[in-house]
Amino acid sequence: MEYWCLILAASPAAMLILLPAGDGEGPVFPQECLSHQQVLSTVRQMQKLLSAQEAAHLQGMRSLKKQLSVLHSPVSICPSADTCPQLAVPLNGRKLGRSARVGHDVHFICNAGFRLVGSESRTCRRDRTWSGTQPFCRSIDECASNPCANGGTCVDGNQSYTCLCPRGWSGASCQSPEDGMLAGNSSFSRQPRCAEGRPGSRHCSCDAGFQMRAGGVCQDVDECQLFQPNPQTRICLHDCLNLPGSYRCLCPPGYVLHADRNTCEDVDECAGSQHNCTHGELCINTFGGHRCVRPKCPPPRHNTSYVKTSSFQCERNPCPTDSRACRLAATSISFHYLPLQANRTVPRVLFKMSTTRFVGDSLRFAIIGGRGQGVFAVRRSDRQTGELVLSSPVVGPATLEVELEMSEFSRKVLLGKHIFKVTAFVSQYEF
């Protein structure tokens with residue numbers, strides 16, 4: 001009978017060593033050898049182990065190939081769970097802001113000639129819905145106030161209107177009768193109201209706004225022609241339209257008629273989103289209109305640079321230790337925009353300058369540049385406050401610019417200075 005000795009190695013490739021049996025009478029069983037049955041059983045176990053390892057290896061390769069296949073396929077980006085649905089841009093308007101993430105705002109404005117109806121701003125909430133309602137832009141109907149008189153037809157336009165006048169009338173609002181029209185127009189002349197009195201007597205009178213003329217006809221009193229030309233007796237702040245037995249006050253574009261029916265009130269286009277300023281521009285309301293501005297910090301120069309700290313303010317960056325030019329430059333620059341009516345009475349204080357961190361012993365105020373300096377002056381109102389004063393009336397429309405400097409000293413040594421860039425938008429009207 002033969003026997004085998006099995007030496008097991010730690011690796012899967014185990015080695016089998018065959019040993020011949022001994023020459024004695026009986027079989028020799030070395031201490032480290034196994035019987036034939038034991039060797040076969042062990043070999044089968046090793047085969048199963050190797051088969052299991054091979055199956056696991058193949059499975060791992062299949063899984064790796066599958067992952068590589070996914071990586072090589074086109075990448076699809078899933079929408080983030082913390083965003084809201086995209087909002088539509090209103091017709092004849094614009095949407096400001098692109099982010100639809102939670103906590104972000106989107107703003108809406110309308111083009112010139114349209115007004116916004118709905119929410120001006122909407123916020124993406126935590127439940128991934130938008131606050132407010134979807135806005136839309138509605139055309140501003142310039143004809144809503146019936147500005148055309150004497151049967152004229154109003155045609156609405158872009159921030160304006162046109163009156164189509166009937167025969168016999170002319171003017172921007174069909175307010176002026178053509179030659180020979182006044183006498184023959186039944187609206188401006190009518191029969192008096194008469195009542196019989198004592199035998200042989202008769203009393204006649206005219207309606208309010210009419211007066212008796214020769215021939216016993218009641219003729220309209222033209223209040224506009226009678227009172228409007230004289231500044232002491234004028235009845236309308238801007239323009240007057242004569243009507244049969246009455247009159248109507250008119251306002252220029254950019255204004256609406258006040259509740260008193262005589263004066264004009266400015267329309268704030270910026271507050272009502274009726275402006276045409278683009279993204280990044282700031283809307284400044286003026287008397288009778290608006291302006292779009294974009295304040296900018298000065299470009300770097302002589303080791304001096306500025307950074308925008310707010311919409312209307314620039315601050316100087318730290319200076320290099322050896323740069324005298326930087327240390328002498330303004331530490332801050334601010335931008336100021338002033339709406340102004342034409343022909344304002346003077347002197348008039350327009351702007352005040354002061355500091356909240358006064359550490360020196362003196363402040364100096366001066367005009368150092370700008371356009372239209374001849375109509376401005378600077379004066380001190382107290383130890384820490386300076387004033388920009390309008391010293392001459394200004395005829396509009398006009399844009400005036402002035403650059404002011406406020407310097408702080410300690411024992412005649414400059415501690416710092418601030419530049420005020422002031423722009424005045426003068427209206428063509430006095431109201």
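Among contacts in the protein chain between residues at least 6 apart in sequence, what percentage join residues at least 24 apart? The share is 43%, and it can be kept in mind while the whole chain is on display in this predicted model.

**The whole chain**

Colour the protein chain by secondary structure to begin with, and the assignment comes to four helices and 31 strands. Switching to a surface view shows a chain that exposes about 27200 Å², of which carbon and sulfur atoms supply 53%. Of its 431 residues, 30% count as buried.

**A three-stranded sheet**

Select strands E3, E4 and E6 next, which form an open sheet in the order E3-E4-E6 with antiparallel pairing. Its edges are E3, at residues 93-96, and E6, at residues 121-123, each of which pairs on one side only. Looking along the sheet, one can follow a twist that averages 20° from one strand to the next. Now restrict the selection to E4, which covers residues 105-110 and is joined to E6 by three bridges, the two strands running antiparallel. To place one of these contacts, pick His107, whose bridge partner in E6 is Ser121.

From E6, move on into the loop that leads to strand E7 (136-139), where Arg128 has its place. The backbone of Arg128 deserves a look, since its phi is near 60°, a positive value in a residue other than glycine. With a relative accessible area of 43%, Arg128 is partly exposed.

**A hairpin**

The next selection is residues 239-243 together with residues 246-250, which are strands E17 and E18, running antiparallel and joined by five bridges. Within this pair, Cys240 has Cys249 of E18 as its bridge partner. The two strands form a hairpin with two residues between them, and in the turn Gly245 has a positive phi of about 80°.

**A second positive phi**

Proceed to Asn303, which is found in the loop between strand E22 (289-293) and strand E23 (306-310). Here too the residue is other than glycine and phi is positive, at a value near 65°. Is Asn303 buried or exposed? Its relative accessibility is 57%, so Asn303 counts as exposed.

**Two cis peptide bonds**

Select Val346 and Pro347 and display the backbone atoms: the peptide bond from Val346 to Pro347 is cis, with omega near -5°. Pro347 lies in the loop between strand E25 (332-340) and strand E26 (348-354). A further cis bond runs from Gly396 to Pro397, with omega near 0°. The loop that holds Pro397 is the one between strand E29 (385-390) and strand E30 (398-410).

**Aromatic rings**

For the last stop, show the side chains of the aromatic residues, among which the structure holds six aromatic pairs. One of them is formed by Tyr429 and Phe431, whose ring centres are 5.4 Å apart and whose planes meet at 20°, so the pair counts as stacked. Both partners can be checked for burial: Tyr429 is buried, with a relative accessible area of 18%, and Phe431 is buried as well, at 14%. Adding Tyr255 to the selection completes a cluster, in which ring pairs link Tyr255, Tyr429 and Phe431.

Finally, select Arg364 and Phe409 to see a charged side chain and a ring together. Arg364 lies over the face of Phe409, at 4.1 Å from the ring centre.

Notes
Residues are numbered from 1 along each chain as its sequence is written. This is a predicted model: local features need pLDDT of at least 70, side-chain atom pairs count only at pLDDT 80 or more; totals for chains, interfaces and linings use all residues. Side-chain values use heavy atoms; hydrogens and water are left out. Two strands pair if DSSP finds at least two bridges between them. Axes are lines fitted to C-alpha atoms, for helices over the stretch in contact, and angles run from 0 to 180 degrees between N-to-C directions. Buried means under 20% relative accessible area, exposed over 50%, partly exposed in between (1.4 Å probe, protein chains only). Contact means heavy atoms within 4.5 Å. Accessible areas come from the Shrake-Rupley method with a 1.4 Å probe; for residues, only the protein chains shown count as cover. Rings of Phe, Tyr and Trp (its six-membered ring) pair if their centres lie within 6.5 Å; planes under 30 degrees apart count as stacked, over 60 as edge-to-face and the rest as tilted. A charge sits over a ring if NZ of Lys or CZ of Arg is within 6 Å of the ring centre and within 35 degrees of the ring normal.
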